[in-house]
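Please open the model in a viewer and keep the selection panel at hand. The tour below proceeds stop by stop, stating at each one what to select and what is found there.

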Amino acid sequence: MVVKKRCLLWDWTNSSGPGNPGVPWAMDQCNFNGPISSVSNWNTWVPPELQGRAPYRPMVHLEAQLSGQDWDNVWNSDQPIVHFFNEPDKNNISPERAADAWYNQMVPLRQQKGKQLVSPSVSSDDNGKNWLADFMNRVSDAPPDFLGLHYYGTDGNACIQYLQDMHSRYPQSVIVSEIASTDRNVGSVYNFTVQLANFMDNADWIFEYGFFGCMRQLADGFVSPDAQLMGPDGTFTDLMKKLQWDQPIAPPS
């Protein structure tokens with residue numbers, strides 16, 4: 001039986017738009033009958049090339065998405081789960097402002113539209129953990145449905161320990177909305193990915209997770225080139241092929 005927990009992190013530049021031809025055809029490479037559970041593009045609009053083949057996860061990425069067309073997209077979405085804030089601890093959004101937006105807009109979204117809400121996904125350092133603790137205390141009488149987490153690093157055991165620690169602190173099911181190895185050794189990246197994918201598939205308290213990321217260019221110098229899931233020409237890397245086809249993923253021989 002296939003365990004469907006793997007969210008495809010599909011960069012918005014893969015979709016066609018003004019001045020950006022994109023590679024929308026690349027989504028036809030996806031195996032939507034395997035472990036892929038959903039698609040996210042860190043935005044509020046559905047990639048047109050998705051064509052209903054998997055659930056979409058709209059995201060209120062930052063405060064700009066709380067108004068205008070982006071908020072209209074979220075409010076009118078027919079998708080069941082909405083993410084709220086992507087690493088606000090690194091984007092100068094205080095827990096107090098986030099909690100105000102939570103009560104003013106996200107809680108009504110849940111009450112009136114029946115959406116399930118993901119907490120802000122913070123970075124895994126002490127600053128991120130402290131930010132989240134402050135936020136969760138402020139929204140304790142209207143808590144999120146899911147705990148959003150990010151993890152970037154090189155040690156798979158340390159990552160598992162972090163996820164377990166955060167789960168023991170908060171009762172919600174976990175969505176690891178971004179995860180990847182930052183190692184510059186391809187074997188180490190593969191080992192990390194195999195260890196964590198297989199662990200998360202078998203952890204009943206983890207609802208969903210997304211390996212970063214399916215994009216043609218590196219997002220920044222922090223991300224490992226060996227963790228890329230898409231090549232510059234839009235074709236999938238071997239790691240992406242493993243993630244969309246193999247379950248469990250076999251360890252290196």
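**The largest pocket**

Begin by selecting strand S6, residues 146–153: with three residues, S6 gives the most to the lining of the largest pocket. The model is a predicted one, and everything described here is computed from it. Next, show Glu-87, Lys-90, His-150, Tyr-152 and Glu-178, which lie nearest the centre of this pocket among the 20 residues that line it. The space in the largest pocket amounts to about 340 Å³. Colouring its lining by class gives eight nonpolar, six polar and six charged residues.

**Confidence colouring**

Now colour the protein chain by pLDDT. The average over the chain is 97, and 100% of the residues score at least 70. Select strand S5 (residues 116–118) to see where confidence is highest, at 99, and then H6, where it is lowest, at a mean of 97.

**Enclosed spaces**

Rolling a probe the size of a water molecule over the atoms shows where empty space is left. How many cavities of 30 Å³ or more does the count give? The count comes to two.

For the largest cavity, of about 90 Å³, select strand S1 (6–9), strand S8 (206–211) and helix H6 (238–245), the elements that give two or more residues to its lining. S1 gives the most, with four residues. In full, the lining of the largest cavity consists of Arg-6, Cys-7, Leu-8 and Leu-9, then Ile-36, then Tyr-209, Gly-210 and Phe-211, and finally Leu-229, Met-240, Leu-243 and Gln-244. By class, nine of the lining residues are nonpolar, two are polar and one is charged.

Keep S1 and S8 displayed and add strand S7 (173–181): S1, S7 and S8 each supply at least two residues to the lining of the second largest cavity. The volume of this second cavity is about 60 Å³. Cys-7, Leu-9, Tyr-209 and Gly-210 are among its lining residues, and these four also appear in the lining of the largest cavity. Further residues to select around the second cavity include Ser-40, Trp-42, Met-59, His-83 and Glu-208, together with Ile-175, Val-176 and Ser-177. Its lining divides into seven nonpolar, four polar and one charged residues.

**An aromatic pair across the sequence**

Trp-42, already displayed as part of the second cavity's lining, leads to the next stop. The model contains 13 aromatic pairs. One of them joins Trp-42 and Phe-212 edge-to-face, at 5.6 Å centre to centre and with 65° between the planes. Trp-42 belongs to the loop between strand S2 (36–40) and strand S3 (59–60), and Phe-212 to the loop between S8 and H6, so the pair ties together parts that are 170 residues apart in sequence.

**Backbone geometry**

Most residues other than glycine have a negative phi, and most peptide bonds are trans. Three places merit inspection against that background. Stay at Phe-212 and step to Gly-213: the peptide bond between them is cis, with omega near -10°. Gly-213 is located in the loop between S8 and H6. Then move to Gln-247 and Pro-248, whose connecting peptide bond is also cis, with omega near -5°; Pro-248 falls in the segment after H6. Lastly, select Phe-85, in the loop between strand S4 (81–84) and H2. Phe-85 is not a glycine, yet its phi is positive, at about 70°.

**Two packed helices**

To finish, select helix H1 (residues 68–76) and helix H2 (residues 95–113), which pack at an angle of about 30° with their axes 10 Å apart. On the H1 side, the contact is made by Trp-71, Val-74, Trp-75 and Asn-76; on the H2 side, by Gln-105, Met-106, Pro-108, Leu-109, Gln-112 and Lys-113. Sorted by class, this contact has six nonpolar, three polar and one charged residues.

Notes
Residues are numbered from 1 along each chain as its sequence is written. This is a predicted model: local features need pLDDT of at least 70, side-chain atom pairs count only at pLDDT 80 or more; totals for chains, interfaces and linings use all residues. Side-chain values use heavy atoms; hydrogens and water are left out. Axes are lines fitted to C-alpha atoms, for helices over the stretch in contact, and angles run from 0 to 180 degrees between N-to-C directions. Contact means heavy atoms within 4.5 Å. Ala, Val, Leu, Ile, Met, Phe, Trp, Tyr, Cys and Pro count as nonpolar, Asp, Glu, Lys and Arg as charged, and the others, Gly among them, as polar. On a 1 Å grid over the protein atoms alone, a cavity is a set of points where a 1.4 Å probe fits but cannot get out, and a pocket is an open set with protein on both sides within 12 Å along at least five of seven lines; lining residues have an atom within 4 Å of a point. Grid points are joined across faces, edges and corners, and a volume is the space filled by probe spheres set on the points. pLDDT is the predictor's confidence in each residue, from 0 to 100. Rings of Phe, Tyr and Trp (its six-membered ring) pair if their centres lie within 6.5 Å; planes under 30 degrees apart count as stacked, over 60 as edge-to-face and the rest as tilted.
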